[in-house]
Each structure stands twice: as structure tokens, then as C-alpha cells.
Amino acid sequence: MKLTKDRHPTTAACSRTVKTRCSEMHTARSVISGGEPSALLESEVLTLNDEEKKSLLEKAGITNVSISPAEVLAIKTGLTIPWNRLRILRRRIVGSNLKGLFSFPSTSGGEELRVAALVDIPDVVLKVVDLLEENQRTGRLTWHDGVIPASEIWLKLGGDKGGGSFKMNFQIVNVAAPNSVHNTCVFCCFEADDTVTNLHIALDRYKDQVAHLQGMQWRQYTIKLFMCGDYEFITRMYGLSGASGLPPGLHITLGIFTKLYGLLEDECHALDLELALLSSEEAHSSFDTYSQELQMLRSLQSELKQAEEAYAVLQQMITYVSLVIGEKDPVTADFFVQCEEKKKYLGKLEAEVAKSKAIVEKGFSKKEGPFVKALDDALQSIGVHRQQYFGGAFVGNHVHQALKECNIQKLCRSLCETAKNKLPHRSTQAEHRTEILVKAFSMFARCHNIYDHNFIDETQAHALEEAVGE
């Protein structure tokens with residue numbers, strides 16, 4: 001590795017000398033870095049301090065990030081912010097402190113304060129008045145045919161946690177589309193969870209402003225505020241403990257039962273998929289079509305494999321014959337014809353395999369599998385008819401009916417009964433899975449029967465605790 005020693009610094013050297021030195025440094029980096037000169041160069045740049053990096057970028061002519069007009073337009077459209085508001089936002093952001101201390105879960109299980117991004121509008125009252133004036137001037141204010149009293153302006157305050165950030169916003173209800181994103185003004189946004197602590201940190205500064213807005217007079221109208229958001233956000237904003245009464249909500253009961261029933265249905269569907277490999281019935285449903293296509297796909301794939309092997313042997317024979325008797329011999333020519341025909345046949349087979357594979361990948365309607373059908377029949381036989389117009393959902397009475405011991409047995413045993421008729425070699429496995437599912441449903445039924453009362457005494461509470469612990 002050659003390294004030239006020179007008495008002149010690079011800044012005083014001619015362009016030819018500088019070019020030679022750069023070439024030698026590139027060679028040296030390649031040797032030192034094990035063949036990764038770019039990676040080593042990146043590491044060298046990272047060791048520079050901020051001033052050195054800035055100077056390097058300026059000398060390289062990279063002082064600004066160039067964004068084309070088309071990209072600027074795309075950003076503006078994505079933000080749904082007019083040009084004049086973008087300019088205002090830019091002026092407010094430049095020179096402002098876009099960070100704050102927020103609460104995060106610590107590795108030790110507690111809470112810790114860490115710096116996180118924070119963007120806010122200092123004066124919400126001024127922003128509300130500004131938007132009201134704009135809507136008044138453009139004739140967009142409406143009272144929705146008397147739904148809103150003629151003397152009032154309604155304003156919604158809401159918060160939403162999405163991705164890694166929380167956004168606090170307000171919406172003027174007195175417009176044609178009050179819930180539109182174009183009518184939503186985010187006045188505080190931070191990159192942290194919407195815990196009670198973080199809401200206090202970010203929103204306490206607006207306490208007096210919100211109090212001033214409630215009942216404030218704008219022109220001849222009185223402003224009225226309404227809080228909106230999901231249940232969790234509302235309880236945190238109002239300092240409520242949330243749902244803590246007994247018995248637990250119906251949605252919890254329905255959720256657990258739906259989860260258990262889904263596990264039973266998945267077991268049935270898994271056996272339906274296996275049954276599809278063995279079924280030979282005519283196609284009267286998506287399951288029969290899937291079964292036939294799956295078997296055809298396996299046959300085509302086997303045929304394609306054999307054809308590919310034959311084609312490979314034929315190509316080897318052509319090479320051998322061409323070397324021994326020459327390419328112009330009739331025998332060699334016949335081999336070429338056979339090879340071309342085999343190639344066309346391969347192409348046809350590959351197309352058929354691709355077509356068949358596309359059909360198989362679509363699968364079949366879950367409810368048309370024999371095992372799932374048998375489960376649905378058992379469900380209807382105990383008087384449970386799922387809500388077809390609501391995605392097959394269950395209601396409270398369905399749970400009461402299905403969690404009776406005799407009905408649990410009927411539902412779960414449909415799995416092993418169908419296996420005896422359709423997949424005898426899986427009967428033992430199906431029997432084992434049935435026992436597990438019966439136990440799971442029965443344990444839930446025990447809990448359900450305890451808390452399904454208006455009041456629970458200490459004895460029942462203790463029994464419920466034991467049942468949940470199991």
C-alpha cells in the first residue's frame with residue numbers, strides 16, 4: 001500500500017495532487033476497513049464535532065435541504081393546512097422550545113421523567129376567536145336547522161392518542177361538517193402516553209383559558225364547551241376511576257365467551273383444512289371447490305416436477321449428442337425438437353400450477369367447512385342464533401344459554417363426533433381437544449354464574465376469587 005509523503009498541505013496543493021491523495025486514502029481505507037471504505041468514512045465523519053460537521057457540509061455545498069414544489073404541495077395536502085397557516089406555524093415554531101419533561105414507565109417498574117417533543121399553541125382563546133371570525137366572514141357558520149340554539153356557539157374539546165403521540169384539539173360545531181379533519185384544530189401535541197401525569201404537564205397551562213371560553217361572549221353569541229373522546233380519556237380528564245362496580249360489564253362477558261368460542265371454531269376449521277385433502281365430493285360449496293383444487297394442485301406440482309427432471313435430462317443429452325455426432329446430424333435435430341416441445345409443455349404446466357395455486361390461496365368460506373357447519377348446527381340446536389347483520393355477534397342471552405353445562409357438552413363434543421365420521425384417524429386428538437375446551441368453558445361458566453347477580457356477598461366474592469384463580 002503506497003502512501004506518498006508531501007511537504008505541502010492539501011489546501012495549498014494543486015488539484016492533481018489532491019486527486020492523487022484522495023485515491024491513496026481510498027485505497028488505505030479499503031485495506032484498513034476490510035473492504036468497506038464507505039463504512040469507515042462514515043465512522044470518521046461521526047467522530048467530528050458539530051462545528052466540524054457544519055463546516056464540512058458548507059464546503060461540500062450542502063447547506064440546505066432542497067424540496068421540490070411538488071413535494072411541498074404533497075406535504076401541504078397531507079397536513080390539510082392552508083398556505084397562510086403554514087407560514088404562521090413556521091413563524092411560531094422557529095425559535096420556540098419544542099421539548100418538555102414527560103412521565104414514562106421505567107425499567108424498574110416505576111415512573112421516570114424524560115424529555116419528549118411538545119408543540120402547542122400558547123393562546124387557545126385567540127385561536128378560537130380567529131377561526132370563528134374566519135368562518136363568519138366566509139359564511140360557513142350554521143346552527144343545523146335549530147339543533148343549536150340561535151344564540152349559542154358550540155365548541156368541542158377532545159383528545160386522541162394515536163401512534164406514539166397525543167393530540168389535544170378543538171372543533172367548532174357550528175359548521176356543515178363539524179367532525180371533519182378540516183375543522184379540527186390541534187392546539188397541543190406531545191410524544192408520550194396520555195397518562196394523568198402527562199395530561200397535567202401538557203394541559204394545566206390551558207386551565208384558565210378553557211374556563212374563560214366556557215360562557216364567553218363572541219359577538220352576540222355565547223360559547224358552550226363540550227368534552228369529547230374515548231371513555232378512557234374522559235375518565236382521566238374528569239378524574240374518575242372508571243368502571244369499578246360489580247358485576248363486570250356485559251361487554252367483558254361477551255368478549256371472553258366470544259374468545260372461547262373462537263378457539264373452538266378455529267379447532268374445527270383446522271380439521272376442515274385437513275379434511276379438504278381427502279374429500280372427493282362434488283363441488284357444491286366453496287369448501288368442495290377448495291378441496292378439489294387443492295388435490296389438483298398437488299397432482300400438477302408432482303407432474304411439473306417430473307417434467308422438469310425430464311427436461312433437464314434432455315438438455316444434457318443434447319449437449320452430449322452435439323459433441324459426439326455434431327449439431328447438424330438428424331438425431332441431434334430430433335433432440336432439439338423434443339426439447340422445444342418439452343419446454344412448451346413446462347410453460348403450460350407452470351401456468352396451470354399458478355392458476356390452481358391462486359384459487360387455493362383464496363381458501364374457502366370458514367362457515368362452509370363440515371366441522372364448522374356441525375358446530376353451527378349444535379349452536380342453533382340449543383337456541384343460539386348469532387346476529388347475522390352484525391358479523392355473527394353474540395348477545396347476552398346467548399351467553400346465558402350456551403354456558404349451561406349440558407349445552408357446553410353439546411357444543412364442544414360436536415368436534416369429536418364429526419371427527420369420528422369424517423376423520424377417524426384424528427378421533428383421539430379431537431377427543432383430547434374437546435376435553436380441554438369443555439374444561440375452559442366450564443371454568444368460565446362457574447365464574448359467570450357467581451357474578452351474574454345484582455349483588456355479591458363476601459362468600460360469593462371469595463368463591464369468585466377462587467374460580468378466577470383456577
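Phenylalanine 257 is buried, and phenylalanine 441 is buried too; here that label means under 20% relative accessible area, with exposed being over 50% and partly exposed in between (1.4 Å probe, protein chains only). Before going on, a word on ground rules: this is a predicted model, where local features need pLDDT of at least 70 and side-chain atom pairs count only at pLDDT 80 or more, while totals for chains, interfaces and linings use all residues. Residues are numbered from 1 along each chain as its sequence is written, and side-chain values use heavy atoms, with hydrogens and water left out.

**The chain overall**

The secondary structure adds up to 17 helices and seven strands. Helices (H or I, at least four residues) and strands (E, at least two) are DSSP runs, numbered from the N terminus. Of the chain's 470 residues, 31% count as buried. Take the contacts (heavy atoms within 4.5 Å) with a separation of 6 or more: 56% of them come from residues 24 or more positions apart.

**Aromatic rings**

A pair of aromatic rings is described by the distance of the centres and the angle of the planes. Rings of Phe, Tyr and Trp (its six-membered ring) pair if their centres lie within 6.5 Å; planes under 30 degrees apart are called stacked, over 60 edge-to-face, and the rest tilted. That gives 10 aromatic pairs. Two of them share phenylalanine 257:

| Pair | Centre to centre | Angle between planes | Type |
|---|---|---|---|
| Phenylalanine 257 and tyrosine 261 | 6.4 Å | 25 degrees | stacked |
| Phenylalanine 257 and phenylalanine 441 | 6.0 Å | 70 degrees | edge-to-face |

The pair of phenylalanine 257 and phenylalanine 441 links distant parts of the chain, with phenylalanine 257 in helix H10 and phenylalanine 441 in helix H16 (residues 427-451), 184 residues apart. Phenylalanine 257 and tyrosine 261, on the other hand, both belong to helix H10 (residues 250-275) and sit four residues apart, about one turn of the helix. Both of these residues are buried.

Elsewhere, Phe102, Phe166, Phe190 and Phe233 make up one aromatic cluster. There's also a charge over a ring: the charged end of arginine 114 sits over phenylalanine 104, 4.3 Å from the ring centre. For that to count, NZ of Lys or CZ of Arg must be within 6 Å of the ring centre and within 35 degrees of the ring normal.

**Three buried residues and what they touch**

Helix H16 also holds threonine 434, which counts as buried because its relative accessibility is 1%. Leaving out residues up to four places away in sequence, threonine 434 touches Cys412, Arg413, Leu415 and Cys416.

Isoleucine 153 is in strand E3 and has a relative accessible area of 0%, so it is buried. With the same sequence neighbours left out, isoleucine 153 has contacts that include Leu132, Trp143, Asn174 and Trp218. Its C-alpha is 9.2 Å from that of leucine 141, 12 residues apart along the chain.

Asparagine 198 sits in helix H7, and it is buried because its relative accessible area is 0%. Beyond its neighbours within four places in sequence, asparagine 198 contacts Phe102, Ser103, Phe190, Ala192 and Asp193.

**Helix H9 and the second largest pocket**

In H9, the buried residues are Phe233, Ile234 and Thr235. They pack against strand E3 (152-162), strand E4 (165-172), H7 and E7. After H9 comes glycine 239, with a positive phi near 70 degrees.

The second largest pocket has about 480 Å³ of space. A pocket, on a 1 Å grid over the protein atoms alone, is an open set of points where a 1.4 Å probe fits, with protein on both sides within 12 Å along at least five of seven lines; lining residues have an atom within 4 Å of a point. Grid points are joined across faces, edges and corners, and the volume is the space filled by probe spheres set on them. There are 19 lining residues, and the closest to the pocket centre are Leu203, Asp204, Lys207, Met227 and Met237. Helix H7 (196-203), helix H8 (207-213), strand E7 (221-228) and helix H9 (231-238) each supply at least two lining residues, with H7 giving the most, four. By class, the lining has 13 nonpolar, three polar and three charged residues. Ala, Val, Leu, Ile, Met, Phe, Trp, Tyr, Cys and Pro count as nonpolar, Asp, Glu, Lys and Arg as charged, and the others, Gly among them, as polar.
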